[in-house]
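Visitor: I'd like to learn how to read aromatic rings in a protein model. Could you walk me through one?

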Amino acid sequence: MNNKDIWIEEKLEIENGRALKIKITKSLEKVKSKFQEIEVVESQSFGKILLIDEVIMFTEADEFCYHEMIAHVPLCVHSKAQKVLVIGGGDGGTVREILKHDNVKEVDVCEIDEKVIEISKRHFPYLANSLDDPRVKIYCKDGNKFIKDHKNEYDLIIVDSSDPIGPAEVLFRKEFYEAMSQSLKNNGIVVTQAESFFYHQKIIKSLFSFIKDIYPISEYYYTLVPTYPSGMIGFTFCSKKYYPINDFNETEALKLTDLKYYNKDIHRAAFNLPTFVQEYKQ
């Protein structure tokens, strides 16, 4: 087939009867790790794209919408956080944003698949170079097992995971959220990737059916990402002490530079949910 005729369609959404088609100019690399298939392609409209098991992880054109929001929202609430754990995040985008906060002294990255890190460093250095920062330690381990060995240690845990299939499936279970709570200090925050409120209502309802019993404060917020299913993706905000709006440190947000999406007004707006979504948290 002529390269001009190659399009990708996200596998999971095709199975659900819906798809976003993106025109591809060439495939740059495809490998099969012991966990999953990883591919990097060049697209006509969104630059390079990282796919895992035929599912879009991010594109060069809109990765900042996701990475800025998963990192800066919690770090502008818990503005004194010093030790952060990222579960997943082997591309380095979330770490890049975390390191923009001067108060952060240590970042542990627990990425189960070292091939994700290797490929990201090769094709997305503007993201993955953050993993070489001296404040960062990388552990190629199962995140679910890793946190059980780190009690009362982290100010913030960010779960930068793929969809709840394959190695990421366990990251959406009650037991995992309980283990994360035990890994947090007494004023810690957990933020996790939590799917689209348009397409994944069952997943969101399932998460909040047990999150609210584990964390005193639990909220859902979202960001807009054109190449993600339905054009948006949400996050859980699970906290032992700090509230996402009442404890928002605007001064910390205003100190940040080199941002394309996140700002003080977006922070507040992201927690204002459509009426039909509010019931998902009940």
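Visitor: Which residues do ring pairs link into a cluster?

Guide: Look for rings that share partners, then follow the links. In this predicted model, ring pairs join Y66, Y221, Y228, F235, F237 and F271 into a cluster.

Visitor: How are the rings of F237 and F271 arranged?

Guide: Check the centre distance, then the angle between the planes. The ring centres of F237 and F271 lie 5.9 Å apart with the planes at 85°, so this pair is edge-to-face, since an angle over 60 degrees earns that label.

Visitor: Which parts of the chain does that pair link?

Guide: Distant ones: F237 belongs to strand β12 (residues 232-239), while F271 is in the loop between α10 (264-269) and α11 (275-278). The two are 34 residues apart.

Visitor: Are F237 and F271 buried or exposed?

Guide: Both F237 and F271 are buried.

Visitor: How many aromatic pairs does the structure hold?

Guide: There are 15 aromatic pairs. One of them is Y139 with F146, a tilted pair with 5.0 Å centre to centre and 45° between the planes. The angle falls between the 30 and 60 degree cut-offs, so neither stacked nor edge-to-face applies.

Visitor: What is the relative accessibility of Y139 and of F146?

Guide: Here you compare each value with the burial cut-off. Y139 has a relative accessible area of 23%, so it counts as partly exposed. F146 comes in at 4% and is therefore buried.

Visitor: Which charged residues sit over a ring?

Guide: Look along the ring normal for a Lys or Arg end. R18 lies over the face of Y199, 3.6 Å from the ring centre. In another case, the charged end of K21 sits over the ring of W7, at 5.3 Å from its centre.

Visitor: Let's zoom out. What does the radius of gyration say about the protein?

Guide: You set it against what a compact globule of that length would give. For 282 residues the expectation is near 19 Å, and the protein has 18 Å, so the two agree. The C-alpha trace spans about 55 × 45 × 35 Å along its principal axes, and the secondary structure amounts to 11 helices and 12 strands.

Visitor: What share of the residues is buried, and what share of the contacts links residues 24 or more positions apart?

Guide: Buried residues make up 56% of the 282. Of the contacts with a separation of 6 or more, 67% come from residues 24 or more positions apart.

Visitor: And how much of the accessible surface belongs to carbon and sulfur atoms?

Guide: That share is 47%, out of an accessible surface of about 12,400 Å².

Note on methods
Residues are numbered from 1 along each chain as its sequence is written. This is a predicted model: local features need pLDDT of at least 70, side-chain atom pairs count only at pLDDT 80 or more; totals for chains, interfaces and linings use all residues. Side-chain values use heavy atoms; hydrogens and water are left out. Rings of Phe, Tyr and Trp (its six-membered ring) pair if their centres lie within 6.5 Å; planes under 30 degrees apart count as stacked, over 60 as edge-to-face and the rest as tilted. Buried means under 20% relative accessible area, exposed over 50%, partly exposed in between (1.4 Å probe, protein chains only). Helices (H or I, at least four residues) and strands (E, at least two) are DSSP runs, numbered from the N terminus. A charge sits over a ring if NZ of Lys or CZ of Arg is within 6 Å of the ring centre and within 35 degrees of the ring normal. The radius of gyration is taken over C-alpha atoms; the globule rule is 2.2 Å times the number of residues to the power 0.38. Contact means heavy atoms within 4.5 Å. Accessible areas come from the Shrake-Rupley method with a 1.4 Å probe; for residues, only the protein chains shown count as cover.
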